[in-house]
Amino acid sequence: MKTLNEFFPLLSQKSKVVITTHQKPDADAMGASLALRHFLDELGHAVTVISPTNWAGWVNWMPGAKDVLNYENQRKVAEQKLDEAEWLFCLDFNIFHRTKAMEKKLSELSCTKILIDHHREPDEASFNYGKSDTAKSSTCEMIFDFIEESGHDALLTKEISECLYAGIVGDTGSFRFSSTHAGVHTMVARLKQTGLEHTYVHEQLFDNFLENRLRFIGHVLMNRMEVFYEYNTVLIAIPKADLLKYEIRTGDTEGLVNFPQTIKGIKLVALVIDRDEERKWSFRSKGDFDCNTFARKYFSGGGHFNAAGGGSTDSLDKTVQHFKNVLKENKDLLH
Ligand code: 5GP
Ligand code: MN
């Protein structure tokens, strides 16, 4: 994989571009994709953003979100765009299987592939150019760097800033996580100069739900949460019936995994949701417990040191039992 510095000279050749990201894109994934789209539009490229799946309603306010293709239900037009593309940007994921049904199509493409991502263990061999940096707070921070380092600071707009700010807020837990280095604040100061209204973005991300989602959280914390003090661990397991009863939609469960971290002394929080296609795990830790290794080793997943995810094709009961068993194996790491 060559560096982005080697890619920058190509930016002057107007090209057909597809930008894609991981399944169920979150604020960082969608914010990075749309910010890059606006930037490349300004440079005169023909750009399409394709999401492998649907996404949460709370990213629909982002400028350009309405033009994003959903590969799940717009497959024909999405594949046509992919076939025509000269460049494929892959943002906020680093291995094609994170795009689920799009994996095969992406790996068959012969166009120039560019990776910009901050997760661990990238599949560098699949990309021609790119940057993979786990020290970055978010992929949105990396898109900001991309714009700056390519020499186009003057092309930052309010639209781009809104998209970038949303992703930075999302991935830093609103500037809380240790990934929030000084440069993140400097970057936000620059975004503010473009006219960014940060309160508006926070409201779009966090105050944009229906009543049922709050009642669902109340139910889950009351009835679906187990605390294992001997392992400083909390488990929340959500059966499909709960999702149906409370009419839970994509994105409604975002942030749920953070609530148990407010209990004093908790080191690991695990959340598993019985989704149609798989049992989807989320892991969050504090301090020196490595969620990425844990998710990789036991739940075919990965991510970051303190935030990772995984999946299982087992039943909910079976995967929960597996979690409880492996918790015992990790007792020394969780004391
Ligand atoms: P979340 O729990 O918010 O879904 O994901 C936490 C972090 O782990 C995110 O950075 C996400 O990209 C990553 N992640 C989530 N699920 C998976 C997975 O199944 N495989 C891998 N490799 N990473 C995941
Ligand atoms: Mn991210």
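## Salt bridges and unusual backbone angles

Asp145 is buried (under 20% relative accessible area with a 1.4 Å probe, protein chains only; exposed is over 50% and partly exposed in between), at 13% relative accessibility. Its partner Lys136 is buried too, with a relative accessible area of 16%, and the two side chains meet in a salt bridge of 2.9 Å, N to O. This is a predicted model, where local features need pLDDT of at least 70, side-chain atom pairs count only at pLDDT 80 or more, and totals for chains, interfaces and linings use all residues. Side-chain values use heavy atoms, without hydrogens and water, and residues are numbered from 1 along each chain as its sequence is written.

**Salt bridges**
- The count comes to 19 salt bridges, each a side-chain nitrogen of Lys or Arg within 4 Å of a carboxyl oxygen of Asp or Glu.
- Arg215 pairs with Glu211 at 2.8 Å between the closest N and O atoms; they lie 4 residues apart in helix α9 (residues 211–223), so about one helical turn separates them.
- Arg215 is exposed at 55%, and Glu211 is exposed at 57%.
- Glu79 and Arg75 form a salt bridge with closest N and O atoms 3.6 Å apart, and both are partly exposed, Glu79 at 23% and Arg75 at 42%.
- A network of salt bridges links Arg37, Asp41, Lys66 and Asp67.

**Positive phi outside glycine**
- Lys24 has a positive phi of about 45 degrees though not a glycine, and sits in the loop between β1 (16–21) and α2 (27–42) (helices are DSSP runs of H or I, at least four residues, and strands of E, at least two, numbered from the N terminus).
- Glu247, another residue other than glycine, has a positive phi near 50 degrees and is exposed at 60%.

How values were computed
Chains are lettered from A and ligands numbered from 1 in the order in which they are written.
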